[in-house]
Amino acid sequence: MTELTLTTVNLATPDPPGLARFYQRLLGWEITAEEPHWVKLDNPAGGVALSFEYDRAYVRPVWPSTPTAQQMMMHLEIRVDDLEKAAAHAAECGATFAGHQPQDDVRVCLDPDGHPFCLWLGE
């Protein structure tokens with residue numbers, strides 16, 4: 001079998017530069033490539049990057065999902081060492097919090113385009 005390496009997670013958005021700048025503030029990562037309809041952030045520690053691609057037909061997802069609304073296609077898991085400070089930082093960056101919070105050690109957040117991401121308390 002040939003070697004396969006996951007390099008990037010791509011999020012659809014109606015505003016690639018705006019969403020990239022949100023995640024740049026949230027994660028502290030640098031924008032390493034920017035084109036009119038695509039922006040990329042590289043993880044300074046290596047590993048998987050994030051990119052943001054224009055989608056003219058983008059529909060904001062709903063979380064938790066319902067049978068009749070646009071469902072999320074994926075979500076990001078972000079480990080933190082202080083959940084309350086990380087949640088406050090996410091809110092300062094422009095995140096909102098989902099109405100349903102299923103766990104005490106996780107905060108389900110929504111980015112400006114409605115993509116869910118979880119802040120979870122790691123060790």
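The legends below describe close-up views of a predicted model of one protein.

**Figure 1. The whole protein contains two helices and eight strands.** From the start of the sequence to its end, the elements follow the pattern β-α-β-β-β-β-α-β-β-β. The radius of gyration is 15 Å, close to the 14 Å that the globule rule gives for 123 residues, so the protein is as compact as a globular protein of that length. The C-alpha trace spans about 40 × 40 × 40 Å along its principal axes. Of the 123 residues, 33% count as buried. The protein exposes about 7600 Å², and carbon and sulfur atoms supply 52% of this area. Among contacts between residues at least 6 apart in sequence, 53% join residues at least 24 apart.

**Figure 2. Strands β1, β4, β3 and β2 form an open sheet.** The strands stand in the order β1-β4-β3-β2, and their pairing is mixed. Which strands stand at the edges of this sheet? They are β1 (8-13) and β2. Each has a single partner strand, so one side of each is left without a neighbour in the sheet. From one strand to the next, the twist averages 20 degrees. Helix α1 packs on the sheet and touches β1, β2, β3 and β4 (49-54). The direction of α1 makes about 160 degrees with that of β4.

**Figure 3. A hairpin joins β2 to β3.** The link between the two strands is made through two residues. Strand β3 covers residues 38-42, and β2 pairs with β3 in the antiparallel sense over five bridges. Within this pairing, Glu-30 stands opposite Asp-42 in β3. The side chain of Asp-42 also meets that of Lys-40 in a salt bridge, at 3.4 Å from N to O. Are these two residues buried or exposed? Lys-40 counts as partly exposed, at 22% relative accessibility. Asp-42 is likewise partly exposed, with a relative accessible area of 27%.

**Figure 4. A salt bridge joins Arg-21 and Glu-34.** Side chains of opposite charge can pair when their charged atoms come close. For Arg-21 and Glu-34, the closest N and O atoms are 3.1 Å apart. Arg-21 lies in helix α1 (residues 16-27) and Glu-34 in strand β2 (residues 30-35), so the pair ties together parts that are 13 residues apart in sequence. Arg-21 is partly exposed, with a relative accessible area of 33%. For Glu-34, which is also partly exposed, the value is 41%. Gly-18 is placed in helix α1 as well. The relative accessible area of Gly-18 is 30%, and this residue is partly exposed. Gly-18 and Glu-34 are 16 residues apart along the chain, and their C-alpha atoms are separated by 12 Å.

**Figure 5. Strands β5, β8, β7 and β6 form another open sheet.** The order of the four strands is β5-β8-β7-β6, with mixed pairing. The edge positions are taken by β5 (76-80) and β6 (96-97). Each of these has a single partner strand, so one side of each is left without a neighbour in the sheet. In which sense do β5 and β8 pair? Strand β8 covers residues 116-121, and its pairing with β5 is in the parallel sense, over five bridges. One pair to look for is Val-80 and Leu-121: the latter is the bridge partner of Val-80 in β8. In a regular strand the side chains alternate between the two faces of the sheet.

**Figure 6. Helix α2 lies across the sheet strands β5, β6, β7 and β8.** The helix covers residues 83-93, and β7 covers 106-110. Helix α2 runs at about 155 degrees to β8. A salt bridge is formed here by Arg-107 and Glu-84, whose closest N and O atoms are 2.9 Å apart. Arg-107 lies in strand β7 and Glu-84 in helix α2, so the pair ties together parts that are 23 residues apart in sequence. How many salt bridges are counted in the model? The count comes to three.

Methods:
Residues are numbered from 1 along each chain as its sequence is written. This is a predicted model: local features need pLDDT of at least 70, side-chain atom pairs count only at pLDDT 80 or more; totals for chains, interfaces and linings use all residues. Side-chain values use heavy atoms; hydrogens and water are left out. Two strands pair if DSSP finds at least two bridges between them. Contact means heavy atoms within 4.5 Å. Axes are lines fitted to C-alpha atoms, for helices over the stretch in contact, and angles run from 0 to 180 degrees between N-to-C directions. A salt bridge is a side-chain nitrogen of Lys or Arg within 4 Å of a carboxyl oxygen of Asp or Glu. Buried means under 20% relative accessible area, exposed over 50%, partly exposed in between (1.4 Å probe, protein chains only). The radius of gyration is taken over C-alpha atoms; the globule rule is 2.2 Å times the number of residues to the power 0.38. Accessible areas come from the Shrake-Rupley method with a 1.4 Å probe; for residues, only the protein chains shown count as cover.
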